Structures are given as C-alpha cells and as structure tokens.
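Trainee: Could you take me closely through a single part of this model, the contact between the two chains, and set it against the rest as far as that helps?

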Amino acid sequence: MKVKAQISMVLNLDKCIGCHTCSVTCKQTWTNRPGAEYMWFNNVETRPGVGYPQKWEDESHYKGGWKLNRKGKLELRAGSKLNKVSLAKIFYNPDMPNMDDYYEPWTYDYQTLFGKESKHQPVARAKSQITGKYMKLNNGPNWDDDLAGSDRSFGEDPNMQSIEADIKGNFEKTFMMYLPRLCEHCLNAACVASCPSGAMYKRDEDGIVLVDQERCRGWRFCMTGCPYKKVYFNWKTNKAEKCTFCYPRIEEGLPTVCSETCVGRIRYIGVILYDADRVQEACEEPDDTKLYEAQLGLFLDPNDPEVIEQALADGVDMETIKCAQRSPIYKMAVEQKIAFPLHPEYRTMPMVWYVPPLSPIMNYFEGKNSIKYPELIFPAIEEMRIPVEYLANLLAGGNTEVIKNALYKLAMMRLYMRAKTSGKDFDTEKLDRVDLTEESATSLYRLLAIAKYDDRFVIPKAKKEKIEHVEDDQGGLGYEECNGCALAPAHGSMLRKAKAGMSSKDIYAESFYGGIWRD
Amino acid sequence: MKDIGDFLLWCVFPYVALGSFIFGTIIRFTWFRSTITAKSSELLEKKNLMIGSILFHVGIILVFFGHVVGVLIPKAFTDWLGIPNEIYHIGALVMGGIAGFLALAGMLILSFRRFSDDRVFKTSSFSDLVVDLAFLIVIVLGLAASLGDGIFFHPEFNYRLNLSVWARQLFYFRPDFHLMQQVPLTFKFHVICGLLIFGFFPYTRLVHALTLPWQYLFRSPEVYRRKPRI
C-alpha cells in the first residue's frame, strides 16, 4: 500500500443552472491572453449535445484515453511509444483536433459603430483574432447552449449511440441537463503518459496535473492523449496549457476560482487518500461497467488507523489527513455513493466526480401523493425524463444499477426532508431501502442543499514556506515567458497618461464607460 | 585577389557559420531553453501538413545521413571495400535523388501551406518564412548540383576527390580552398546555402531537431514531481 493524497472535486449536477459563471471567471483568471482565446479550462455543456471541442467523447475519432491491448494490459489508444516513433507520428499527429473542432476565436469590429453617420445601421462584424479578417461564424465555444435535443446535438452525441431507438423516438419529451467540465486531474492521466518531453506531471503532494511551460516542446501528444480534450495548444507560444486546478489558491487552502464563484454552490472540493500501488490493477479491469467500482476500491478510509500510519510514513502530512477525514468528496463518493466519475471507461481514473441530476423526475413525480407513498419513486426513476441509460453512459461506463441507486437515494432524501419540514408523517423504514438513516439523510441534505462554504471546501494548506523559498515566486506572473501574458501591455497606455500628469479620475473616465473595458 | 575571396569563403565563412551554430545552441539551451519548441501549426491547418510534414521530414533525415556518409567516408575506404566508383555514384544518385525529391515535394507543400493559408501565414514569424525559403532553395540547389551537374553538365566531376576532402579538412582546421576552386558553381552555392542554414539553425524553429525526446522511450508512463525540500 502506498498512500497518496489527491485534491478532487464533486459537482452536484442537480443544482447546475448552466449560468457559465464558472467558465467566465476561469477565463478571466487564466486564459484571456493571445494564443489562449479558444481555451476554456472550464466550460459548461448542454446535454445532450456535441460538447466542446465538438464530439470530444467520440474516441474512435480522437483516440483519447487508454484501452486494453490483446494481453489485457493498458495501452494509450493513440498508440504505444513504439507505434508513435515507427509511424512518423512525431512529424504529424493524425488524431489531434483541429482549430475548427474548437472554433476560430473572434472579436467584433467595434470601430464601425463609431464611424461617420450613414444611411444604414452600422453593424459590428466578426473579425478573426488570428487572421484579423472578417469571418463567418459557424461554430463557437458554446454553440449548442440550451439547444439540447436539436437534430445536430442529439444525433451527434456519442452517448446517445448505444441507446435504443425507441427512446430516441420519444424525443418530443425532450430532456436537458448541464455538464460543467474541467480537467479531471486523473490518477492514471493519459496526457502525462503521452508527453514525450516529460513536461506534464502530477504533483506528488496533491495530485494536480500541470504542464511545465519550461519543458514543453509542443509535441501535442497530450492533446490527443487526454480523452476529455482538456489540454489545449497555445498557437502563440506553441506550448500546451491546461486547467491548473488554481493551484496557487489551493496551496493557500482556497477553492478554485470556478468553485468560489459558482452561484449555485454545486461544487465541492476536498482531499481523498488513495492507494497508488493498485491504480494500474484497477485501470486494467476488463469490464467497462465495473471500472467505476474499481476506482472506488482505490480510495482509503482516512479514519482507519492503519491507513493513517501508512499515510504518515508515505509523506502525507497530518493536516491533509485531517482534511481527508472531513472531506465532502469522501462522503459523497465513498460513503453515500451518490457521485460518479465522468466516463470511467476511458480508464484514466478521473478525479472530478458528478452527482447525477434528478430535477426532471421530481417535477414529474412530486405532483402525486409522493410523501405518502415514497416507494413510488422506484418505478418513477425508471421513467425519468433524462434516461438512466444516458446518465450511466456519461458517469458509470454504462452501469445503470449504480446510477439508479444514487437517484433513489437522492429522491428518498428529498421526500424525507419534505415530510420533516412540512410536519407530515414519514415511514422512516423506507429510508433503509436506500441505505439511509434519519441522521445520514439529514446530514446529506445539509451537505447538498444548504451547502455551507466550510462544508463544501475542505482544503489543506500546502505549507509551502516549509518546502521552498517562497520569496523566489514574488511578483511572478505565471506565464511570464509568453508575449502578451503580462498585464503591462494592456495597461501601458494608462501608465503613460498617468506620467503625463492625468489624474486617475480622468484616465478612468477615458478608459471605461458603463463599467465595460473599451476595446 | 580571387584567392582572398575564396579563402574567406572556404576557410573563414564555414567557421563563422559553424561557430554561430555552436554558440547559438549553447545560448539557446542555457538561457532560452523554454523557447525551444517544435512550433507546430497543426492546430491551425491539418490536411496539407500531413503530407508535407511527413514527406519533408522523412526526406530531410535521409538526406542528412546521405551527406554524412558522402562527406565523411573517404573514397579510399570504399575503394578498399572493393566498391567501384560507378556503382557508388549510381547508388548515391538514386538514393540521394529519391530522398531529395521527397524532401523537395514536402517542402513545396509546406511552403504553399505557409504562404497561402491565412491562419498559418498570419501566425508565422519572419524567421519561419526565412527558414521555409532557405530550405526550398538549398534542396533545389542540392538536387541541381547532384543530378544536373552530376549527370548532364559535369559527369566527370567527382566531389569525393575535392569537396569531401575539403569538408573533412574543416574538422581538423586545415581547409584548403584550392580544392573548392575545382568545384562547379551549383555545388558551391549549395554548400554556402547549407552553411548559412547551419549558421541560423539554433536561432530559429529548426532547433527542435536537437531535442529528440529519447528518454520517453524508457520512462514510466506516469510522472510525479515533488517540490525540493529545504
């Protein structure tokens, strides 16, 4: 047993309203630079839909993640090391997504709006941020937002392919859900295994996967390797970039920007202990539908004295263990089994998990006499608007049983709380059937519905001051080497004006109007 | 007077170019290490790159090893092996010609792509364009020299008796420019152009050729890093 700590996240899809606040704040923080315009370390997809980049889940096309070879051993789907060398893939990566699979970033030609008076209403046309030419928009970062069920998004969603035709046919009863996505910070990261330069790595202390900008040589195999298509290529610096899990914040015990700003409070961050020695064995589970359980088996009970002893011996500090004991992730994923990994069948052991959504079923069901007959939820979930098979394809490698159990549990918890708060009788024996007690149902309700800040985010500090000379990092900008990453170019004109004697008030009035940065 | 020109060209210039190569490589790898990338533009354009890049890279690697063999192995060695001069030359012409045309075809496609594709052109730096044209020129000159001169205009010319000797002399710092005076013009231009490319090699995108990630073949798939403790 080798104990490692992993920072991970759970997203409660039941409460996601698809507002994109997470995406926008993430972009403002990390990717509002030249070359990074098309990168969305975090994005929110409407499901069913093609996602971003388009059809990213179609691994027969993108060749992301791992597969088992004929001997039952793990192998990158994009090809082994030997295969990459022998087939000249180093000169041309056949499986890499093209910019059109994302979108060509654009801005608008705002100047025309301020031109001379003319007969016609002026229009700000879209201008490519790469070529500077006018362009026709036919794809964007969120092109099928809220369009779930349209011909294109429905027909091209890879998760729909294996669902029976009759369910497809019922699409007048269309369904929709949101899926916020970020880097999964996998235990068996395919991007790390793909990187020829060794620039990608997992941090030993918290498992965050990062790209070393110094060592990245732009071979782009990480982009192919990542089945979630969450490693991007900066066309200006010619290097790979990806979600950093806001590690400078995590080191300070703060949640990531996407979690901090989530208005629905759907995101939970915590640390989880796992057995690094058994990761490979778990990844080589031959049955796709059992991969979720195989991954679950890796997580260690942070209250087990034997685990604590081994963790300390393996260099995990006491604060991390304490946080692991209070971890909301452990509670939802391991204790209550209501959270699931996104596409475990890619065999990367992803560490951003999801609580499946329930809303449509409850709307359908709650009009009936539900508190009196709570057992009605069992047949009702089978008839849910979001097909259980769809959720199972997304979150459990096709294992519908585990998804159903989670939904039963969530629905039963709601009924119990509704009865409790409205002073109605509730046969608490019904809770047994879904492995809940009055106590655990209440505590789960508090975690999911009240979702206090301190319950959602239990993050150990990195104690950097004991590890490195922190003063070395002072004034660092992160992406310093790249042209345009620093703020000076953006603010240079302001600084010049200040030097020329303009007051800050005048500069403000000239630079801003209505609180929006002028182009 | 002509001798001074030839002396500068064949005894000084090569050292300037190769010196610049070594100096630049050291500088780039010590202080600008993070700027060394393959500078891929595959994200922006894929179709032409596929054919162009594979043809060019396979071609140019074969051409490189062809040059190493042709320049470094003395004629005396192949004579001792008993390979007749005619056979050697036919072999060199056929293999070199094939490799050269692969590289040329690849380079033509890549150049077309670089100058005609809007996204690629707009994101190209000046040095990308120079490198592109320089390779196109050097490959055309090389093919013109070995096929044009070697077959049609100067079939009696044997570069292994003068050009190769001079090239080997460069390595022990005793180059004799008189040897180069016997060489046809296309060969001369090809050599100058090639040396120029070596000269600016480390300052451009070409530097990626020096960073083969050989350690990838031996390392474990998952890489963990731990902060150094103080």
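Mentor: What follows goes from the extent of the contact to its polar pairs, then to the strands that meet there, and last to some points of backbone and confidence in chain A.

Please keep in mind throughout that this is a predicted model. The contact draws on 65 residues of chain A and 42 residues of chain B. The size of an interface is often given as the accessible area lost when the parts come together. On that scale, chain A and chain B bury about 4700 Å² between them, and 54% of this area lies on carbon and sulfur atoms. Within chain A, the residues that lose the most area to chain B are Phe91(A), Tyr92(A) and Arg217(A), which together account for 17% of what that side buries.

Turning to the polar side of the contact, the count between chain A and chain B comes to six salt bridges. One of these joins Glu104(A) to Arg119(B), where the closest N and O atoms are 2.7 Å apart. Counted as polar contacts, with both residues at pLDDT 80 or more, there are 30 residue pairs between chain A and chain B. As for the elements behind the side of chain A that touches chain B, helix 3 (81-86), helix 6 (190-194) and strand 8 (200-203) of chain A each supply at least two residues. The largest share comes from strand 8 of chain A, with four residues. Sorted by class, the side of chain A that touches chain B holds 29 nonpolar, 13 polar and 23 charged residues.

Strand 8 of chain A deserves a closer look, as it also pairs with strand 1 (residues 224-225) of chain B, in the parallel sense and over two bridges. In this pairing Lys202(A) has Tyr224(B) as its bridge partner, while Arg203(A) has Arg225(B). The two chains thereby share an open sheet of three strands in the order 9(A)-8(A)-1(B), with mixed pairing. Strand 9 (209-211) of chain A and strand 1 of chain B stand at the edges, each with a single partner strand, so one side of each is left without a neighbour in the sheet.

For reference, chain A also has an open sheet of four strands in the order 12-1-14-13, likewise described as mixed in its pairing. Its edges are strand 12 (267-275) and strand 13 (340-341) of chain A, and each has a single partner strand, so one side of each is left without a neighbour in the sheet. Strand 1 (residues 3-12) of chain A pairs with strand 12 of chain A in the antiparallel sense over nine bridges, and there Ile7(A) stands opposite Val271(A).

Some details of the backbone of chain A are also worth checking. Most residues other than glycine have a negative phi, and most peptide bonds are trans. Against that background, a cis peptide bond joins Arg47(A) and Pro48(A), with omega about 0°, and another cis peptide bond joins Tyr52(A) and Pro53(A), with omega about -5°. Pro48(A) lies in the loop between strand 2 (43-47) and helix 2 (59-62) of chain A, and Pro53(A) is placed in the loop between strand 2 and helix 2 of chain A. Lys63(A), which is not a glycine, has a positive phi of about 60°, and it is found in the loop between helix 2 and strand 3 (66-68) of chain A.

Finally, on confidence, the mean pLDDT of chain A is 86, and 86% of its residues reach 70 or more. Over residues 481-489 of chain A the pLDDT is below 50, and this stretch has 11 contacts in the model beyond near neighbours in sequence. Residues 513-519 of chain A also stay under 50, and for them the model has 11 contacts beyond four places in sequence.

How values were computed
Residues numbered from 1 in each chain as written. Chains lettered and ligands numbered in written order. Predicted model: local features only at pLDDT ≥ 70, side-chain atom pairs only at ≥ 80, totals over all residues. Heavy atoms only, no water. Contact = heavy atoms within 4.5 Å. Buried area = accessible area lost by both parts, 1.4 Å probe. Salt bridge = Lys/Arg side-chain N within 4 Å of Asp/Glu carboxyl O. Polar contact = N/O pair within 3.5 Å; in protein donor to acceptor, adjacent residues only side chain to side chain. Nonpolar A, V, L, I, M, F, W, Y, C, P; charged D, E, K, R; others polar. Pairing = 2+ DSSP bridges. pLDDT = per-residue confidence, 0-100.
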